[in-house]
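Here are a few short exercises to work through with the coordinates open. Try each one yourself before reading the solution.

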Amino acid sequence: MSLLELDNIVVEFPTRRGPLEAVKGLSLDLDEGEILGLVGESGAGKSITGAAITGLIEPPGLIRSGEVRLRGARIDNLPADKMRRIRGKEIGAIFQDPLTSLNPVYTVGEQLIDTMRVHLGLDQKTARQRAIDWLAEVGIPAPEARLDQYPHQFSGGMRQRVVIALALCAEPKLIIADEPTTALDVSVQAQILSLLKRLCRENGTAVVLVTHDMGVIAETADRVAVMYAGRLVEIGDVKQVIEEPLHPYTRGLMASIPQIGIRDRRLTQIECAMPGLRNPAPGCAFAPRCPRAMDHCHSIRPAPQDAGTGQVACHLYGETS
Amino acid sequence: MSNFMPMLYAFWDSDITYSFRKSRVAVISALVLLAMFLTAIFAPSLAPQDPFNIAELDLFDSELPPAWAEGGSAAYLLGTDTQARDVLSSIMYGMRISLLVGFASVILAAVMGVALGLLGGFLGGIVDAVLMRIADVLLSFPPILVALLINGILRGALPSSAQAESALIVLILSIGLTNWVQYARTVRGSTMVERRKEYIEAARTLGTGKLAIMIKHILPNVLGPVLVIATINLGMAVLTEATLSFLGVGMPPTQPSLGTLIQIGNEFLFSGIWWVVVFPAAALAILVLAVNLLGDWLRDALNPKLR
Amino acid sequence: MFAFLIRRIIQAALVMLVVASIAFLMFRFLGDPISNLLPEDATVQDRAEMREKLGLNDPVLVQYGRFIADAAQGDFGQSYRNNRPVSDLLAERFPATAELVLVAAGLALALGVPLGIYTALNPRGWLSQGLQVISLLGISVPTFVTGILLILVFSVSLGWLPSFGRGKVVDLGWWTTGFLTVSGLKALILPAIMLALFQMTLIMRLVRAEMLEVLRADYIKFAKARGIPNRMLHFKYALKNTLIPVMTIFGLQLGGLIAFAIITETVFQWPGMGFLFIQAVNFTDVPVMAAYLVLVSFIFVVINTLVDLLYNVADPRLRAERTPARGV
């Protein structure tokens, strides 16, 4: 049984001009200890998918249909207090901006200790020691002194380390990491990523790594899922998807990453832009931009089918090709 | 004019008009305000009586309760005061004065504030520094105190005989000179931002004079928030005027605003003729409430963070 | 910290100097001290003597210097209206205003903060909606109208509470207090409520707005994602962030209370400094006006400086200007 299953999730936002589906029928699953990258352009629906998993979609948005299952048990329809217990203890989260993620008027130690005492029922002394251990674990020097410092006294990279410690300290089995390195200096990004990867491997924690940066995925993930206009278009092992992408969109993504050593006159782009989420056209959402679109691509939407090391939603593969 | 209709439609369909139509509160407040404005403007024609024309007063009719109470008369819907003045008419004329002072002082404060803000933001340096210091000091005092002080100084400077006639001007000046700071600060901030933009560079290289740049180019771009400030300010201005009048240093009883009426009525509180106080007070409260509600809605509608 | 303190004190002194200069200008150009201090039938010679005695023939700068020196010692000369030293008058009235302001401030805080928190956490409850309406009324209905209404209900109709004066007061040396007598306390109730109402609604709205803003912040979202229970989330994590700016704004509003006391004192004929000031404005009693101005400015400046200091101590971000962020 997988650790996490998303079964045909539809996330909808009511707006003044009618409901808007940000995520349309997404299904995927995640095994214990696995690192799954969730990749796509801005607006593709990846962050919202992450929010759907933790049950933190901003109202009036809601999960219109589909199920989220943790170890086989449904969690998307739990009452608020039960869901609260799951957050932190079973599912952790890391957000993009480490500066705003930490409460500026409380010390780093207080925030760590509170989290652990809530979920693990520790007493003050034990929690404090554990907090020091965690700070050391994420690579913060002089952890004992730093425990009583405030977030603004840490640099950006250090703060994100603290954030990681906070997310992991209640020992969850799954972490949703939403663009964890986007706000950091490039030199620091690699360090944070390897820290995250190491800790998760050591503790057997699964990760859903949401990002728009394929490079991050290549470094860190086991498998990768590609989203486009609220749907899954391809999912498979990282090596396969990067070296031999199946879906034309994924191919476009890979091709548009500039490579050191190869001199191109122009940067490759995918023509036009992702369609708006309102009034989706029938057929494949990528068809208008697809260099290999066939006639029926514009009228029949391709469902995900097994291909490569995972699945792909494209008429080029499977029975309809 | 061929693009007028589409423009009108775009405006009607735009987010802000939609937000207005949707908000019952905003619509009701706007209607109430409109009714009050019209009453104030047409008071001489609308009011059943001119309460300041002694010829129209019949002392026999003094101290009559409102029409629905025992002893009241339909001719005086809201009753009369100790000098047989119709309360309803007094309120209409009073509202006229209150709104006049309110608007005039807001316009004065806005013009002054925008001008000073433009100057400070554009010229920078010592002009700006001095301006900001003055603004800071002014802001650290409660507006009512500043208004009282300016009022006191202006009145003191006039001979006592002229005080009654000049009360209107004095009030407008006191309130206007107190409230310019908010406008100045906002406009200054926006001006400093705009000043660095390229279209200003371009204008400068073309040899456009500083004054022209300020007025033609920067001004239209910094006026946005001024409207919101002005609406909120209007409520405050009306309240301040009412307070000053109530305290006896505002409009005199010969040319009373709503505040003066309340003050006059207050003297008779214990003698049981409550209508002389309650109705002007209600009118004032409704006026300020409507302005505040509209201002609240406007501020939320124009707030980019909430869109 | 020390440098900061010195800077603020110098700023405060400058402001006081400006205020005192304005007061001096008022003295010089407003009203006529001579006709006010002398009886109507004074001769030309009497007037000339008076001019000499008051030092009005000296050069302006000398007069200015003398004025500043006197003002620094609290001497503003005689009131035009009742020929008593201004400082005496103010000292007499000060306790009345001080007690009123203190009680009103306490009331406003004690009610405003909890209600603000409640309306932020339960935005849709009927109590919240009701309080929202009341708070809107609170800042729209002029304060003197509320005062009059209070008098109408509690004095005229019900006859429970007095509508003017301070009741019986007890002399404690230089201070007179109304706290120690029943009639004193009774007389304090309505004016304190009137004064507090406006501030209370202001605080309530402020706390509500601030808290709603804080609840939208990323660190609250992150705390929620960590499964922090609602109670702790609201009352530990959100509250501190809300109260720090609110406290400082309240401190600055204390000055407003002193100003609003003018209105309250007028409505209730409360024998405080505010009432004195209004009478002075009506009469163009310049010494009293000037002295009130300087005294009140002084109080404001002191409060502002204290609040600044407090803010620096309370907000850890500002405290650590001396320990820059380190590490990688």
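**Exercise 1.** This is a predicted model. Leaving aside neighbours within four places in sequence, find which residues A:Val233 is in contact with, then work out whether A:Val233 is buried or exposed.

*Solution.*
- Start with the contacts: once neighbours within four places in sequence are set aside, A:Val233 touches A:Val226, A:Met227, A:Tyr228, A:His247, A:Tyr249, A:Thr250, A:Phe286, A:Val312 and A:Ala313.
- Next, place the residue: A:Val233 sits in strand E10 of chain A, residues 231-237.
- Now count: A:Val233 has 25 C-beta neighbours inside 10 Å. The cut-off for buried is 20 or more, so A:Val233 counts as buried.
- As an extra, try a C-alpha distance: A:Val233 and A:Leu26 lie 207 residues apart along the chain, with 9.7 Å between their C-alpha atoms.

**Exercise 2.** Check the span of helix H6 of chain C against its 15 residues, and find what covers the buried residues of H6(C).

*Solution.*
- Set the scene: the UniProt record, an unreviewed entry, annotates residues 94-311 of chain C as "domain: ABC transmembrane type-1". Over that range the chain is 81% helix and 3% strand, with 28 Å between the end C-alpha atoms.
- Do the sum: helix H6 covers residues 126-140, and at 1.5 Å a residue its 15 residues should span 21 Å. The end C-alpha atoms are 21 Å apart, so the two agree.
- Pick out the buried residues of H6(C): they are C:Leu131, C:Ser135 and C:Ser140.
- Look at what lies over them: the cover includes helices H5 (86-121) and H8 (182-215) from chain C, along with H11 (224-246) and H13 (275-301) from chain B.

**Exercise 3.** Describe the contact between chains C and B: how many residues does each chain give, and what is the makeup of the chain C side?

*Solution.*
- Count both sides: 33 residues come from chain C and 33 residues from chain B.
- Sort the chain C side by element: those giving two or more residues are H1 (2-29), H6, H7 (143-157), H10 (230-268), H11 (273-283) and H12 (286-314) of chain C.
- Classify those residues: the chain C side has 25 nonpolar, 8 polar and no charged.

**Exercise 4.** What helices and strands does chain B contain, and what percentage of its residues is buried?

*Solution.*
- Tally the elements: chain B has 13 helices and 0 strands.
- Take burial next: 43% of the 307 residues in chain B are buried.
- Finish with contact range: of the chain B contacts between residues at least 6 apart in sequence, 67% link residues at least 24 apart.

Definitions and conventions. Residues numbered from 1 in each chain as written. Chains lettered and ligands numbered in written order. Predicted model: local features only at pLDDT ≥ 70, side-chain atom pairs only at ≥ 80, totals over all residues. UniProt positions renumbered as here; feature names shortened; annotations may be inferred. Helix = DSSP H or I, 4+ residues; strand = E, 2+ residues; numbered from the N terminus. Expected span 1.5 Å × (residues − 1). Buried ≥ 20, exposed ≤ 12 C-beta atoms within 10 Å, placed from the backbone. Contact = placed C-beta atoms within 7 Å. Nonpolar A, V, L, I, M, F, W, Y, C, P; charged D, E, K, R; others polar.
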